[in-house]
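Colleague: I should be grateful for a close look at one part of this protein. Please begin with that part and then set it within the whole.

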Amino acid sequence: MNFNFNTLIEKAEQGDVQAMFDLGNCYYRGTNGVQKHYAKAMGWFEKVAENGGTNKELIVQSCNSLVNYYLKGDVVVAEKWAKRASEYKSLEELRQVALYLCNGKDFDEESAMKEKGIMYLIELAQKGDKD
């Protein structure tokens with residue numbers, strides 16, 4: 001397969017969801033001769049998560065990448081994308097956020113963030129999550 005980065009950018013800018021996702025991955029992983037650039041990667045993943053149309057799989061995968069990235073620094077943004085994934089019946093992202101909040105070293109025992117994590121775990125259980 002002949003990879004053409006400029007063609008990928010062009011397709012992504014024209015709204016091709018698969019191209020947006022592939023471009024996000026190129027920036028995230030630094031593949032196909034593209035230098036890693038997490039901010040650009042997250043920007044493309046956000047576009048897929050927000051405008052992915054009926055492509056549930058790419059929306060959920062984009063949300064997963066966003067949650068993994070933002071849990072390292074902005075749990076509120078991670079929560080947003082976990083909730084978006086849960087709209088598509090994917091609970092893994094919400095579970096990640098819940099466990100981070102419950103086990104987060106950045107929060108004390110009385111923290112409202114820990115309480116929020118517990119609430120998410122209860123919500124997951126109510127939705128039938130067995131993990």
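Modeller: Let us begin with Lys 36, which lies in the loop between helix 2 and helix 3. Please bear in mind that the model is a predicted one. Is Lys 36 buried, partly exposed or exposed? Its relative accessibility is 48%. The buried class ends under 20% and the exposed class begins over 50%, so Lys 36 counts as partly exposed.

Which residues does Lys 36 touch, once those up to four places away in sequence are set aside? They are Tyr 27, Tyr 28, Arg 29 and Gly 30. Helix 2 spans residues 17–29, and Gly 24 is 12 residues from Lys 36 along the chain. The C-alpha atoms of Lys 36 and Gly 24 are separated by 9.9 Å.

On the other side of this loop comes helix 3, residues 38–51. Among the elements of the protein, helix 3 has the highest mean pLDDT, 96, whereas helix 7 has the lowest, 86. Over the whole protein the average pLDDT is 88, and 92% of the residues score at least 70. As a general caution, where pLDDT is low, the predicted coordinates should not be read in detail.

We may now turn to the interior. The largest nonpolar core has 38 residues, and Leu 66, Trp 81 and Val 97 have the most contacts inside it. Helix 2 and helix 3 each give two or more residues to this core, as do helix 1, helix 4, helix 5, helix 6 and helix 7. Leu 66 may serve as an example: leaving aside neighbours within four places in sequence, Leu 66 is in contact with Met 42, Phe 45, Glu 46, Ala 49 and Trp 81.

The surface offers another view. Ile 118, Met 119 and Ile 122 form a nonpolar patch there, with about 280 Å² of accessible area together. Ile 118 is found in helix 7 and has a relative accessible area of 45%, which means that this residue is partly exposed.

Finally, consider the whole protein. There are seven helices and zero strands. Of the 131 residues, 44% count as buried. About 7800 Å² is exposed, and carbon and sulfur atoms supply 48% of that area. Among contacts between residues at least 6 apart in sequence, 42% join residues at least 24 apart. The C-alpha atoms fill a box of roughly 55 × 30 × 20 Å, taken along the principal axes.

Note on methods:
Residues numbered from 1 in each chain as written. Predicted model: local features only at pLDDT ≥ 70, side-chain atom pairs only at ≥ 80, totals over all residues. Heavy atoms only, no water. Core = buried A, V, L, I, M, F, W, Y, C linked by side-chain atoms within 4.5 Å. Buried < 20%, exposed > 50% of the residue type's maximum accessible area, 1.4 Å probe, protein only. Helix = DSSP H or I, 4+ residues; strand = E, 2+ residues; numbered from the N terminus. Contact = heavy atoms within 4.5 Å. Patch = residues over 30% accessible without salt bridge, like charges linked within 9 Å, V, L, I, M, F, W, Y side chains within 5 Å. Areas by Shrake-Rupley, 256 points an atom, 1.4 Å probe, with all protein chains shown as cover. Salt bridge = Lys/Arg side-chain N within 4 Å of Asp/Glu carboxyl O. pLDDT = per-residue confidence, 0-100.
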